[in-house]
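Me: I would like to go through the labels used for this structure and see what each one rests on. Please set each value against its cut-off.

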Amino acid sequence: MKYALFLATLSLAPALAQAPATILIPREKVSFTCTDTYFKSQRENFLLLDETYPTCTLKMPLALRQRWPGVRTFYVIPRVSASLHSKNNKGEGKWQPLTPLVNPGPDPMHRALSSRGYEAIELTGKLGKLSDTAGQNTPDTVSTGGKITVCVAPVYQGEDACKTFDVAARFKVYTR
């Protein structure tokens, strides 16, 4: 029995060693900009409790041209969402889903970008009014997180065709 378990472990080791690692995006490189409906004011890296946000953009300047030099096409596949953390009057917190953050344009799950015009990956979403989502609780943080897979074409010998980036950033919610 121990021998069979040992053989199973050895057979899985190469597969695990070859699994692509995700690349963590530093928090400092992530910005979150939302525009409110009433004043059309832009809130960068913070939100206000009583405003409605029909347009929010998560922006990450990933080093794609340095990773894949030359004239290329980048294909962006996001799996990112925004969540709201709120606390009740006892100080107990809970997370509530807000919205998926997707590619702008007609196809939210797939986007092709030319390396010539690439500056940053941008994902968009609609948050609505945070106080409505929180209900009786007090909102304090909006979290954005998930994974973004970027593939490239053409792929040259010795290069990885795709890389997965891990996004995790939090933004404060304020009252007026």
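**Threonine 149 and the disulfides**

Reply: In this predicted model, the side chains of threonine 149 and arginine 79 are joined by a polar contact of 3.1 Å.

Me: What makes the pair of threonine 149 and arginine 79 a polar contact?

Reply: The distance is 3.1 Å, and the cut-off for a pair of N or O atoms is 3.5 Å, with one able to donate a hydrogen and the other to accept it. Arginine 79 is also among the residues in contact with threonine 149, as are Tyr75 and Cys162.

Me: Why is threonine 149 called buried or exposed?

Reply: Its relative accessible area is 12%. Buried means under 20%, so threonine 149 is buried. Threonine 149 lies in strand β12 (residues 138–153).

Me: How do you know that cysteine 151 and cysteine 162 form a disulfide?

Reply: Their sulfur atoms are 1.9 Å apart, and the limit is 2.5 Å. The torsion about the S-S bond is about 105°, so this disulfide is right-handed. Cysteine 151 lies in strand β12 and cysteine 162 in strand β13, so the pair ties together parts that are 11 residues apart in sequence.

Me: Why is cysteine 162 called partly exposed?

Reply: Cysteine 162 has 33% relative accessibility. Partly exposed covers what lies between buried, under 20%, and exposed, over 50%, so cysteine 162 counts as partly exposed. Cysteine 151, at 14%, is buried.

Me: What makes cysteine 34 and cysteine 56 a disulfide?

Reply: The sulfur atoms of cysteine 34 and cysteine 56 are 2.1 Å apart, against a limit of 2.5 Å. Both cysteines, 34 and 56, are buried.

Terms used:
Residues are numbered from 1 along each chain as its sequence is written. This is a predicted model: local features need pLDDT of at least 70, side-chain atom pairs count only at pLDDT 80 or more; totals for chains, interfaces and linings use all residues. Side-chain values use heavy atoms; hydrogens and water are left out. Helices (H or I, at least four residues) and strands (E, at least two) are DSSP runs, numbered from the N terminus. Buried means under 20% relative accessible area, exposed over 50%, partly exposed in between (1.4 Å probe, protein chains only). Contact means heavy atoms within 4.5 Å. Lists of a residue's contacts leave out its neighbours within four places in sequence.
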